[in-house]
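Reader: Please take me through the salt bridges of this model in some detail. I would like to know where the partners sit and how they relate to the rest of the fold.

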Amino acid sequence: MISDEKAILDPFKAHQNNKKVYLAKVVDEVRMARESGGKDNPLKILNPHETSLEGVDENTPVFAMAGRIVDQKGIDIYAAGYEEFIRSGRYDKSNPPVCWLNGIGDQKYIDAFMASKARIREIDPKAADRMIFSGVFSEAGRYDGAKIMSDFSAMSSWDEPCGLVHKEIGYMSGAISMVNEVGGLKDGLNGFAQGADNKAANSIFVRFKDKSTNSGDYALRENAKAWSDAFATAVGWHADKKAFAQGVENSYTSRHDWLRGKVQEYVELGKRHCVIAKSVDSKYNV
């Protein structure tokens, strides 16, 4: 997507350029869906009449989550956390972030996201306009597009044994991971910390309560508070262009290969989940 040879050597410049190019396409398609009353809607946006990205550009913070919409993925955490973040007012009201959800799956969690959007409309209509559900998944250029335009790749999963997608996105686009402190989501990443030098930071770790040792309602409330804080941390990081550029570079240049990963831990995890069986000759077979 980027043709400037110098930009290829500058991860932040590449990130900003790719984001700008894809965002321009998305802004036009959102406008088209809205103005056609949803008849011309290649992104399959829900409620296009209440959706707008006018004024959004490469300097607008973009949060994105794309994939299968199932209980495990924590869409309810993502939506509730973003709603609490908007209620807290810790963002630039003149240029609210984009909160994007892209995928197919359980309508229950899509409805939860859209219900948060409706409540946000009562607080800040412009922020609500920029909270978008796009029902695309395998369409060419659509699924990956959400990754290309994002500054922060959200993984608010309730359960994620390994966690690779957000790392692949970082390597592809420079998007910074926002992940729950669960399973293998943090493996190989360096978290941003307030007051630290953050020279190696390439992610935001979000404190987490599980549903196995806490009630579901309590866990959701506590996780929503944690994600509200994480969104605030992210927009603060994004506003400091020098620091954010370093984070994007760290994300772009990270390597998450098996040679440096915790191979044995994943093997043992696979055995526990009956994905890998140990044969009598002590070799692992998938």
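Author: What follows covers the salt bridges, then the sheet and one buried side chain.

This is a predicted model, in which local features need pLDDT of at least 70 and side-chain atom pairs count only at pLDDT 80 or more, while totals for chains, interfaces and linings use all residues. Residues are numbered from 1 along each chain as its sequence is written, and side-chain values use heavy atoms, with hydrogens and water left out.

The protein has 10 helices and eight strands; helices (H or I, at least four residues) and strands (E, at least two) are DSSP runs, numbered from the N terminus. Side chains of opposite charge can pair when their charged atoms come close. A salt bridge here is a side-chain nitrogen of Lys or Arg within 4 Å of a carboxyl oxygen of Asp or Glu, and the structure holds 14 of these salt bridges.

One of them joins glutamate 29 to lysine 25, with 3.3 Å between the closest N and O atoms. Both belong to helix α2 (residues 11-35), and because they are four residues apart there, about one helical turn separates them. Glutamate 29 has 10% relative accessibility and counts as buried, whereas lysine 25, at 39%, is partly exposed. Buried means under 20% relative accessible area, exposed over 50%, and partly exposed in between (1.4 Å probe, protein chains only).

Another salt bridge pairs lysine 211 with aspartate 71, the closest N and O atoms again being 3.3 Å apart. This pair links distant parts of the chain, 140 residues apart: lysine 211 is in the loop between β6 (203-206) and α8 (216-239), and aspartate 71 is in the loop between β1 (62-69) and α3 (75-88). Lysine 211 is partly exposed, with a relative accessible area of 36%, and aspartate 71 is partly exposed with 33%.

The loop between β1 and α3 also holds lysine 73, which is linked to glutamate 160 in the loop between β4 (152-155) and α7 (165-173), 87 residues away. The side chains of glutamate 160 and lysine 73 form a salt bridge of 3.3 Å, N to O. Glutamate 160 counts as buried at 9% relative accessibility, as does lysine 73 at 14%. Elsewhere, Asp28, Arg31, Arg34 and Glu54 are joined into one network by salt bridges that share partners.

Now the sheet. Six strands form an open sheet with parallel pairing, in the order β3-β2-β1-β4-β5-β6; two strands pair if DSSP finds at least two bridges between them. β3 (131-134) and β6 stand at the edges with a single partner strand each, so one side of each has no neighbour in the sheet. From one strand to the next, the twist averages 20 degrees. Strand β2 (residues 98-105) runs parallel to β3 and is joined to β3 by four bridges; in one of the pairings, cysteine 99 has methionine 131 of β3 as its bridge partner.

Helix α8 contains asparagine 223, which is buried with a relative accessible area of 0%. A polar atom of the asparagine 223 side chain lies 2.8 Å from the backbone nitrogen of lysine 209. Leaving aside neighbours within four places in sequence, asparagine 223 is in contact with Ile77, Trp158, Arg207, Phe208 and Lys209, where contact means heavy atoms within 4.5 Å. Across the protein, buried residues make up 49% of the 286 residues.

Key: A polar contact is a pair of N or O atoms within 3.5 Å; within protein, one must be able to donate a hydrogen and the other to accept it, and residues adjacent in sequence count only if both atoms are side-chain atoms. Axes are lines fitted to C-alpha atoms, for helices over the stretch in contact, and angles run from 0 to 180 degrees between N-to-C directions.
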